[in-house]
Amino acid sequence: MESFQNESGQEDIDDYSPLWKFVTKVEKGVGGGNVTWSCNICTKVCKGSYSRVKAHLLKQKGAGIAGCTAVTMDQMKRMQQLVDDAELRKKNSKPKEVSLPSSSVSSNMASKSSFSGPGPLQNDDPTLTKKRKGQLGPLEKAFNLNARDELHSEIARLFYTGGLSFNIARNPHYVRAFSLATQRTIPGYLPPGYNLLRTSLLQKEKAHIEKLLEPTKTAWKQKGVSICSDGWSDVQRRPLINIIAVCESGPMFLKAINCEGQYKDKIFISKLLINVINEVGHQNVVQVVTDNAPVCKAAGLLVEAKYPHIFWTPCVVHTLNLALKNICAPTDSLQNKEAFDECKWIAEVANDASLIKNFILNHNMRLSMFNDNSNLKMLSLADIRFASTIIMLKRFRQIKKCLENMVISERWDVYKEDDVVKARVVKYKILDDQFWEKIDYILAFTSPIYEMLRKVDTDQPCLHLVYEWWNEMIEKMRVAISKGAHSEDSKFYEVVHNILVERWNKSNTPLHCLAHYLNPRYYSHEWLQESPNRLPPHRDIEVSRERKKCIERYYSNSSERRSVNEEFASFSAAIDDFSDNDAMRDRGLMSPTKWWVIHGASAPTLQSLALKLLGQPSSSSCCERNWSTYSFIYSLKRNKITPQRAEDLVYVHYNLRLLSRRSPHYSEGESKMWDVRADGFDSMDMEGASILEIANLSLDEPELESVLFTDEGGVDDDTNMDV
């Protein structure tokens, strides 16, 4: 039998396996670490690794080997001491790992529990000796500062490695999640994983939101609801149709229909709308709001044919935007020759502004010069943006002084690397007083159109205000033109006026006039005295004529119409209960909805109709804004999400924000307006800005730059981590 002993009588006895010297290795095993060995104390021959040697000599159970029968207690104590000393030497010989820094005020001290290992930080500062040994002061013990700092660091690493927007820290659900975890002890809890988040929890949250939205759906019977729709294509070019239900309580996302492989004609679109109407309840629907495309108009007429009490209403925002395009960018055609001749100078001014903007943005040194002179950004707006030309010119007017300072500076003339001829043209334009006078004039006479566009570009009820707003807009535009380079008798005013009237005639529906008729404010003495040309709605021929059309569609029975007309007469002429002093006085003081609730009981049919119409929107802007939400969730980086899962995510995301905004906490505290991105304010005026836009505003405005969101460390202007 061959021995594997060395000169000392033992083979390969390392410093960490001291018990090998109490046995004799007889034969080496074929594989692994097993050997045949003989115990020097009891002479028993066994086979196994060092762990069995230790179990045999120390009489440890559960190792599959019998204990030594001849070993004494003193021998066992000495051998146990040898084992303990060896394990300590092995532990101390390992390289010491350093933890990642925590956010502790004492930045020189490592966390008690290392991020990557148990080894403490090395520090030669004698003042940190106690903390290095793990001894905490009374203040740290009371507030558990080490654990707080370690948790802060882990949360921060989540943001940094995931590229998350810092604005998420203001999300109330983020705050509530960690508060719940610290207030309740959940042994062994692990956060939900990848599959759980995208499957079970998503469906569970969707079902939860549907329950929370039930009261809103129930109110549709009394308050009415509008179905808004708009089309879009996702990152994989799949055509989608957005469906949102809007009422006095706000817009509610219903679905996004994947129309891939379908021919989107009037039949197809009308069927989609009719299916949604049936799901909502046709008796609850007041109107269907879409853009002004011919196919949408044709589909709307098919819906009206099936349900006469439901009106198709073109989006007023799209109508105003088309009017602005006709004025600011007229087409040169035979049919439009007169408008082109009178308005082409506006397009020339806009082109000059674009030339200046592109020259600065496309040359790094010129852009650097501009940034040195201006705190505002140079806007780069897509043509599809509402009122894009007006927004660009408004920004140019704001940065006029900055542009002038830039081109008269020595740096502008010294730098010769760019196109010198074009740089000279840009300088000439910026210093040209006539260029700025034309911009001022354009902004002056288009200001009423732009202001109305902003007012209707909301989800707030304004159907009953559109008729009056349109009349006021045309009058203000007339005054602005007469104060400028043209008189109200000029050909230019006639062209602009005709463009606006033509657009109104195309978008005006009987529903606008009926809602206008039911607004008690337009019968008040205060409103009628504001302008000598104002008439109460029942004396306006156009309003009365359109009101009759609506009543005929709502009430096909002649006796029902007679009863409703009697109620209209009492309301319009302030007869019977409507002649009450409070009812007369409150017409100009209370909101229309509240007035009808308080004073409309004597005309129940009219009261019910008024409460439905006075709570409806006049645009489909909510659908436009929801595409920003959709592209935020279903982006180029997340293009493998199925359309159905993307729809579920948008449903949860959109409607959670709707519910959150109803909470009083939404407008106060650290979570104020939490769903408005805050990492970079001025980016909200740039192309593609504001991933999640403010609920009642889709037009980018410079005033938004004054909305600062502060944190412990101040405002951070870094937008690179927005995803």
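**Overall fold, aromatic pairs and backbone outliers**

The protein chain holds 30 helices and eight strands, counted as DSSP runs from the N terminus (helices are H or I, at least four residues; strands are E, at least two). The model is predicted, so local features need pLDDT of at least 70 and side-chain atom pairs count only at pLDDT 80 or more, while totals for chains, interfaces and linings use all residues. Residues are numbered from 1 along each chain as its sequence is written, and side-chain values use heavy atoms, with hydrogens and water left out.

Of the 723 residues in the protein chain, 45% are buried. Buried means under 20% relative accessible area, exposed means over 50%, and partly exposed lies in between (1.4 Å probe, protein chains only). The accessible surface of the chain is about 38500 Å². Carbon and sulfur atoms contribute 52% of that surface. Areas come from the Shrake-Rupley method with a 1.4 Å probe; for residues, only the protein chains shown count as cover. Contacts (heavy atoms within 4.5 Å) were also sorted by sequence separation. Among those between residues at least 6 apart in sequence, 63% join residues at least 24 apart.

Aromatic pairs number 26. Rings of Phe, Tyr and Trp (its six-membered ring) pair if their centres lie within 6.5 Å; planes under 30 degrees apart count as stacked, over 60 as edge-to-face and the rest as tilted. One pair joins W345 and F492. Their ring centres are 6.0 Å apart and their planes meet at 50 degrees, so the pair is tilted. The pair links distant parts of the chain: W345 belongs to helix 13 (residues 337–361) and F492 to helix 21 (residues 491–507), 147 residues apart. Both W345 and F492 are buried.

Ring pairs also link Y517, Y523, F568, F571, F578, W595 and W596 into a cluster. R547 meets two rings of this set. Its charged end sits over the ring of Y517, 5.0 Å from the centre. R547 also lies over the face of F568, at 4.6 Å from the ring centre. A charge sits over a ring if NZ of Lys or CZ of Arg is within 6 Å of the ring centre and within 35 degrees of the ring normal.

Positive phi values occur at T43 and A574, each a residue other than glycine. Phi of T43 is near 60 degrees. T43 lies in the loop between strand 2 (35–39) and strand 3 (45–48). With a relative accessible area of 57%, T43 is exposed. Phi of A574 is near 55 degrees. A574 lies in the loop between helix 25 (558–573) and helix 26 (581–586). At 15% relative accessibility, A574 is buried.
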